[in-house]
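This report concerns the aromatic side chains of one protein structure and the contacts made by their rings.

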Amino acid sequence: MERTLAIIKPDAVEKQFAGPIIQRIEAAGFRIRAMRRVHLSKAEAEGFYAVHRERPFFASLTAFMSSGPAVVMVLEADGAIRKWRDLMGATDPSKAPAGSIRADFGSNIERNATHGSDAPETAAFETGYFFAGVDLV
Ligand code: CMP
């Protein structure tokens with residue numbers, strides 16, 4: 001079994017899409033091993049997205065991610081990293097397949113409703129950023 005970090009971003013939480021998104025996650029067969037509502041500070045968002053610090057969208061992304069509450073989760077399934085990325089669809093909602101989470105709930109490439117880890121190393125860093133081992137139940 002593999003684990004990945006999922007975030008329901010502030011745009012989707014504000015629009016009350018957390019419920020429908022969690023429903024899709026469970027319907028797809030993931031087990032939710034941890035879940036928490038967080039309101040990140042700018043510094044916490046910068047720490048989470050540190051790998052993107054040289055990118056032109058870094059300041060805007062971290063301002064958005066600290067603009068309101070988000071929901072962070074650890075999802076478990078066979079091939080959880082790929083499976084969650086497939087369920088979300090492409091980063092840019094306009095390029096995500098019809099019926100995917102980002103196509104249905106995202107607005108644009110920044111306000112794209114959800115985040116998912118992209119590799120086992122980032123999944124380990126990202127789950128550890130929000131949860132201790134004792135929180136995974
Ligand atoms: P996420 O999967 O959370 O990882 C990095 C985020 O940066 C991405 O989703 C987008 O929300 C955001 N972002 C903003 N602009 C861009 C861009 N031009 N290319 C990629 N990601 C972007």
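The following paragraphs describe aromatic pairs, and then charged groups placed over rings.

The model is predicted. A search of the whole structure finds 7 aromatic pairs. A pair of aromatic rings is described by the distance of the centres and the angle of the planes. Two of the pairs, which have Y129 in common, are set out below.

| Pair | Distance of ring centres | Angle of planes | Geometry |
|---|---|---|---|
| F125 and Y129 | 5.7 Å | 50 degrees | tilted |
| Y129 and F130 | 5.3 Å | 80 degrees | edge-to-face |

The pair of F125 and Y129 is tilted because its planes meet at 50 degrees, whereas planes over 60 degrees apart count as edge-to-face. With 80 degrees between their planes, Y129 and F130 therefore form an edge-to-face pair.

F125 and Y129 belong to helix α7, which spans residues 120-130. Because they are 4 residues apart in this helix, about one helical turn separates them.

The accessibility of these residues can also be stated. F125 has a relative accessibility of 43% and counts as partly exposed. Y129 is likewise partly exposed, at 29%. F130, by contrast, is buried, with a relative accessible area of 9%, since buried means under 20%.

F125, Y129 and F130 are members of one aromatic cluster, which also includes F48 and Y49.

Charged groups are found over two further rings. The charged end of R36 is placed over the ring of F131, 5.5 Å from the ring centre. K83 lies over the face of F30, and the distance to the ring centre is 5.3 Å.

Definitions and conventions: Residues numbered from 1 in each chain as written. Predicted model: local features only at pLDDT ≥ 70, side-chain atom pairs only at ≥ 80, totals over all residues. Heavy atoms only, no water. Phe/Tyr/Trp six-rings, centres within 6.5 Å; stacked < 30°, edge-to-face > 60°. Helix = DSSP H or I, 4+ residues; strand = E, 2+ residues; numbered from the N terminus. Buried < 20%, exposed > 50% of the residue type's maximum accessible area, 1.4 Å probe, protein only. Lys NZ or Arg CZ within 6 Å of the ring centre and 35° of its normal.
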